[in-house]
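Biologist: I would be grateful for a close look at one helix of this model and at what surrounds it. Please treat the packing first and the individual residues afterwards.

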Amino acid sequence: MRDCILPIPELKRIEPILTEYFGYKRVMFENELLATYYHEYPNGISEDIAKNYMTDCSYLNDIAIDNGVFDYRRYAPNPTSTCKAFNPSRFIMDSEHNILVILPSDDMLERLIDLLQKHGETDNDGVIGTTLFVVAAIYEKHKNGGLYTEVTISENTLPYLEQVRPEMLKLYELLNTKRYSPSKKKELRVLNPITIDNGVKKITIDNSCYWLTDLLDNYLRIYLGVNSLEEAQQELKEVYSAKKGRKTKNHACELIMYGTFHLLQKHSSLKTKSEQIRMTLDYMELLFEADSFNNDENYTNAAIAYLAKQGYKPMWKPKQIEDYNFSPNNQSTEHLW
């Protein structure tokens, strides 16, 4: 690995491109920006300048909001007041200073230059080279577990993803597996009556008016957030089936493949899709092990087309949780169930 200088004006110039194609968030380089600020301004800056870089900070309390049964906001702390605080990262992003970033290898800069030359990419404005340079630094942080995004990890995150969520999916599957009348082939609502056995005592309830199954459905709608039986079964199969011999999906590889192709399509001098895909794959070979992705051009073309059709939006997740899903209905990072 190698520390390299990245001029802050260059980073700021390509931020819109990084955001659109690679799911970039400025917080990814928060530590580097702060390090530069405190190195360059050990005694701080004047109040007159600082007042132009104030941001809102919220103070939270533990008073709950009861906004309906199983509403995550019922348990989540709410903001009670806000104040203004100086944001050194915003200030330093308007400077002419540099930050130090770590690249995957000592010769990564040279290899990036060779990559551009190999494909005849002149890159006169430096957008392609600088973007691929920054993406390599982002991936290195991700690989080492140091990439911070808006996805936060609390003490409940891994228990939810590894233990609670698969049980929720199985319960959802049970509730939504229909049964039919043998004579009329008519679909019946499932689980009426219901037997509950805790190993010590067993009871059977009538589930009158479907009070329990409706409550469970409401609960799962918020804390699980799947839209169909098929979606739940697919997640159980792909994420929670026995992992022995199963190769997990490389989300970072998929994100970089998709982003690099669209970067080249929009900003490079390469004319054909085949040229753009070939350069995309050659760039990926600089970052990933040879057997960690399919480098066939036809496969890559089909994979990119599929992602585009699905409305793919690039988003980095912390490495520990990148194979898992969260509920889109629950914005809390603490109260996951």
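Modeller: In this predicted model, the contact between helices α10 and α11 is built, on the α10 side, from Cys253, Ile256, Met257, Thr260, Phe261, Leu264 and Gln265. Their counterparts in α11 are Lys273, Gln276, Ile277, Met279, Thr280, Tyr283, Met284 and Leu287. Sorted by class, the residues of this contact comprise 10 nonpolar, four polar and one charged.

The geometry of the pair is as follows. Helix α10 covers residues 251-267 and helix α11 covers residues 273-287. Their axes lie 9 Å apart and form an angle of about 140 degrees. Since angles count as roughly antiparallel when over 145 degrees, α10 is therefore classed as oblique to α11. The crossing of the two helices is right-handed.

Two further residues extend the picture of α10. His262 belongs to this helix, and its relative accessibility is 17%. Buried means under 20%, so His262 counts as buried. Apart from neighbours within four places in sequence, His262 is in contact with Tyr21 and Ile304.

Tyr312 lies outside α10, in the segment that follows α12 (297-309). Its contacts, again without neighbours within four places in sequence, are Glu254, Leu255, Tyr258 and Leu307. For one of these partners, Tyr258, the separation from Tyr312 is 54 residues in sequence, while the C-alpha to C-alpha distance is 8.9 Å. Tyr312 has a relative accessible area of 17% and is therefore buried.

Tyr21, one of the contacts of His262, leads to helix α1, which comprises residues 8-22. Helix α1 packs against helix α6 (residues 127-143) at an angle of about 70 degrees, and the two axes are 10 Å apart. Because the range from 65 to 115 degrees counts as roughly perpendicular, α1 and α6 are roughly perpendicular to each other. On the α1 side, the contact involves Glu10, Leu11, Arg13, Ile14, Ile17, Leu18 and Phe22. These residues meet Val127, Thr130, Thr131, Val134 and Val135 in α6. By class, the contact of α1 with α6 has eight nonpolar, two polar and two charged residues.

Key
Residues numbered from 1 in each chain as written. Predicted model: local features only at pLDDT ≥ 70, side-chain atom pairs only at ≥ 80, totals over all residues. Heavy atoms only, no water. Axes fitted to C-alpha atoms, helices over the stretch in contact; angles between N-to-C directions. Helix = DSSP H or I, 4+ residues; strand = E, 2+ residues; numbered from the N terminus. Parallel < 35°, antiparallel > 145°, perpendicular 65-115°, else oblique. Left-handed = near helix turned anticlockwise from the far one by under 90°. Contact = heavy atoms within 4.5 Å. Nonpolar A, V, L, I, M, F, W, Y, C, P; charged D, E, K, R; others polar. Buried < 20%, exposed > 50% of the residue type's maximum accessible area, 1.4 Å probe, protein only.
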